[in-house]
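Below are notes on the local geometry, for reading alongside the coordinates. They are numbered so that they can be taken one at a time.

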Amino acid sequence: MADQLALFPESKSDVSDKAPASAGASASVGAKPASGDAAQKCRSFACFASVALDIPSRALSEPFTYGVSDALADDCAVGSTVLVDFGHRAALGYVLALAPTIEGLPVFEPVDADQSGAAARKPLDPSRVKPIRALLAEPSCSDMIASVSYWMSREYVAPLSECLRLFLPPGGTPRLRRGEDGAYEVVRPAVPALHERVVSLTPEGSDYVPSKTAVRQRQLLEALACGPVTTRELNLLYTDLSPAIRALEKRGVVRVDERRAWRGIDDATTLSSARAVAPTRLTAGQQHALDTIEEAEARATGDVVVIDGVTGSGKTEVYLSAIERVLARGRSACVLVPEISLTAQTVGRFRSRFGSAVAVFHSRLTAGERLDQWDMVRSGAARVVVGARSALFCPLRDLGIIIIDEEHEQTYKQGSSPRYHARDVAAMMARLRGIPLVLGSATPSAEALARCHDGTYLGQCWTRVVMPERAGAGRLPDITVVDLRREFTGGARSIFSRPLHDALLDVVEKRQKAVLLHNRRGFAPFLMCRDCGCVPTCKHCSTALTYHERTHTLECHTCGSVYHVRPYPAPGSACPKCGSRYLAKMGMGTQQIEDALISLLPDDVAVIRMDADSTKGKDAHKRLLEEFDVAECAVLLGTQMIAKGLDFPEVTLVGVVIADYALKMPDFRAQERAYDLLEQVAGRAGRGDNPGRVIIQTYLPEDPVIRAVATHDRSVFTEHDARQRREALYPPYVRLSNVLMWGRDERATFGYAQRLADEVRRRLEDLCSKGPDAPVLMGPTSCVIERAKDQFRFHFIVKSPVGCDISSVIGGALARVGACRGINVSVDIDAYDLM
């Protein structure tokens, strides 16, 4: 399980639920007339500021009011990092709003519904307002930090400071340090900014003639004749010219300036698909999508355009054309992609069109590279950002459009606090800016389709544009479904059915390429004793261990624990329960299929495996895709990371080894994810001149998901899925919230879960009348993964109407019940992971 930030940390430095009276004043309260000393103190401030404290506690879910002195007024701005007094200690804070009077500050209502009314009626005593002690750093983040971070804090029931940190420059959480002289400063992790020295001729130096013996000076002047040159470039040309530079600088012949430099990112790629040449003419579907985006931009109300285009229909060209128009107006653009494996291809396409104005932002960059990309965006050197969901918070100047490619992907949902969804945060940003939000996918999410069907959602217009045909010569592939039950009855025991076996050999004969999908990494999903049925599980988690053949290890994909083992028939194989040596490998993983492919295919056919194990290193995704691209004949085998976005015209065959893994997961979204995965991977075939073919192996050929993919008819699945969700009350017809509690003491954790669930249930009864649309609370009960990292896990789920303010209900219940030492709580509004 990924690390999760508790809403109630156990640190001794945590702030108590009730902030001291001297901490400042809540910005959500009004003001009463000042008199006497209070009025004099009020007049001593040039203005007032709402300051959010950088303390991760739900008790501080709103900013506090501080005064800004005349000395700081000119430099203090929204986004500034400031030093303030909070209680009896100094604290770090961020300015969210400024106003000449206390009454002019925006109203930030507390999450706890029980206290909001009382707080709103309580007047603010100006004499309690403390001054900001010092400005520690100038603004270095988006100007939307205040409105969006506060909205996220309320919407996702997360500490305000955690939401604010999303907008801060990369490099880790800043902290406050007091120097020997008593002054405070902001300390960030040691990621120094890179600078370079630039040498240029002065006006007086243009006529300077060095002596005949000054060879190095002559070389320097020759290099500068065409313009300024960095010292690094000079050293590469002529080795060390430092003495000559110093000598001529003293004489006023040259000038040396220092400027910000950017660390080079090795994102150059040989991928043929990483280039985007503008077509001479757009298809009818592309032009219609582009016109719809233009209309949304003209309305300037933050409308959402959903581009529903089949794989290969040219959605990327629509994005590029829309961004060209935005850049021509002097504005900037943000583009989100779901997988790091898509970054090299996508960035290559965008840079082939927009050059160095494109910045890259994702987790595989080094700390220094991330900082430089951030500064490029903040300085305006980059006007287009391409990256994962974190790119949404980059400080783009005059943002003009937000684009989310493959919007259906679950990776857009943050797995730790604050558990936001990039699609919904982007919609909020678009509404605040009055700019269009473009969502593109060949398999739009159920939420996006439902909002387009309704026409509006939260005041925004949602429009669906259909692109039903592929661009260029490509056409949708033919799909064959192989019933593995019949294969088994007929005596077949191979990983590959006869149709898939023959198709692979046909690809080899024609020197083409194939893609094989199997969404299970490792060699075998688990080991099982054939005598007693024991399945080895992790000592720290209630999950079965996955066997990895290369290292002969059992690995826990929840906590990362590794156990060395030898399965049958290797000598030393032994069941941990009964001692039998018949501890056998069960099921298949990508490593086992890789071995089978190597045995089946000739040696001159490249077999390339892409999964979480083979792509751990930096640039591993790009390296493997480049290897596949340049090979004359190759098979790309991988998990879901190969299923979307990749464009290789030479791929004529796609095979799905077993399509049933995703279908029967204990999750109401399992079938939707299975459909998305199969439809997306099928779209990798037939994108060039040669027709494509898809072979899907399954034990469930009559499942609606399989039939929908096989017939290229989405309605076969969506109508069945919508009916099930409507009857069972699942999104998009309700909002689903998951409240998770975990701790080492099983009884205490479950007791806390019961108290919190009872408080939420009581508040729901007070808030909503009973009826078919009333909220439903289920649980608390053990999670599907009952124990992870030696901690017991319980949760309860709340199904609430779309218009219900469930965030305030859960937030108020948390404030009422309070924290319990040793027990962590995580709230997931609009949950995706219920495991």
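1. Ala49 has contacts with Phe64, Thr65, Tyr66, Val68, Val95, Ala97, Leu98, Leu105 and Ile132, leaving aside residues up to four places away in sequence. Please read this and the points below as statements about a predicted model. Ala49 belongs to strand β3. Its relative accessible area is 0%, so Ala49 is buried. Gly589 lies 540 residues from Ala49 in sequence, and the C-alpha to C-alpha distance between the two is 57 Å.

2. The strand paired with β3 deserves its own entry. Strands β3 (residues 45-53) and β6 are antiparallel and joined by 6 bridges. Within this pairing, Ser50 has Ala97 of β6 as its bridge partner. Ala97 is also among the residues that Ala49 touches. Strand β6 itself covers residues 89-99, and 8 of its 11 residues are buried, which makes the strand mostly covered.

3. Strand β5 (residues 81-86) also pairs with β6, again running antiparallel and with 6 bridges. Here the bridge partner of Thr81 is Tyr94 in β6. β5 and β6 form a hairpin with 2 residues between the strands, and Gly87 in this hairpin has a positive phi near 65°.

4. Next, a helix pair. Helices α9 (residues 284-299) and α10 (residues 315-328) pack at about 35°, and their axes are 10 Å apart. Their crossing is right-handed. On the α9 side, the contact is made by Gln286, Gln287, Ala289, Leu290, Ile293, Glu294 and Glu297. On the α10 side, the contributors are Glu317, Val318, Ser321, Ala322, Arg325 and Val326. By type, the contact residues comprise 6 nonpolar, 3 polar and 4 charged.

5. A further sheet is open and made of 3 strands, in the order β26-β27-β28, with antiparallel pairing. Its edge strands are β26 (546-548) and β28 (562-564), each of which pairs on one side only. Between neighbouring strands of this sheet the average turn is 30°, direction ignored. β27 (residues 553-555) pairs with β28 over 3 bridges in the antiparallel sense, and Thr553 stands opposite His564 of β28.

6. Which cysteine sulfur is nearest to that of Cys538, and how far away is it? The sulfur of Cys559 is the nearest, at 3.6 Å, and Cys538 is in no disulfide. The distance cut-off for a disulfide is 2.5 Å between the sulfur atoms, so a 3.6 Å separation does not qualify. The structure holds 0 disulfides. Cys538 is buried, with a relative accessible area of 3%.

7. Cys820 is likewise in no disulfide. For Cys820, the nearest cysteine sulfur is that of Cys783, 17 Å away. Cys820 has 25% relative accessibility and therefore counts as partly exposed.

8. Two cis peptide bonds should be checked by eye. One joins Ser417 and Pro418, with omega about -5°. Pro418 sits in the loop that runs between β19 (399-405) and α13 (422-433). The other is the bond from Tyr568 to Pro569, where omega is near 10°. Pro569 is placed in the loop between β28 and β29 (583-586). β28 is also an edge strand of the sheet in point 5.

9. Where is Arg511, a residue other than glycine with a positive phi, found? Arg511 is in the loop between α16 (498-510) and β24 (513-517). Its phi is near 55°. The relative accessible area of Arg511 is 26%, so the residue is partly exposed.

10. His712 is another residue other than glycine with a positive phi, near 55°. It occupies the loop between α20 (704-711) and α21 (715-728). His712 is partly exposed, its relative accessible area being 35%.

How values were computed: Residues are numbered from 1 along each chain as its sequence is written. This is a predicted model: local features need pLDDT of at least 70, side-chain atom pairs count only at pLDDT 80 or more; totals for chains, interfaces and linings use all residues. Side-chain values use heavy atoms; hydrogens and water are left out. Axes are lines fitted to C-alpha atoms, for helices over the stretch in contact, and angles run from 0 to 180 degrees between N-to-C directions. Helices (H or I, at least four residues) and strands (E, at least two) are DSSP runs, numbered from the N terminus. A crossing is left-handed if the near helix is turned anticlockwise from the far one by less than a right angle, and right-handed if clockwise. Contact means heavy atoms within 4.5 Å. Ala, Val, Leu, Ile, Met, Phe, Trp, Tyr, Cys and Pro count as nonpolar, Asp, Glu, Lys and Arg as charged, and the others, Gly among them, as polar. Two strands pair if DSSP finds at least two bridges between them. Buried means under 20% relative accessible area, exposed over 50%, partly exposed in between (1.4 Å probe, protein chains only).
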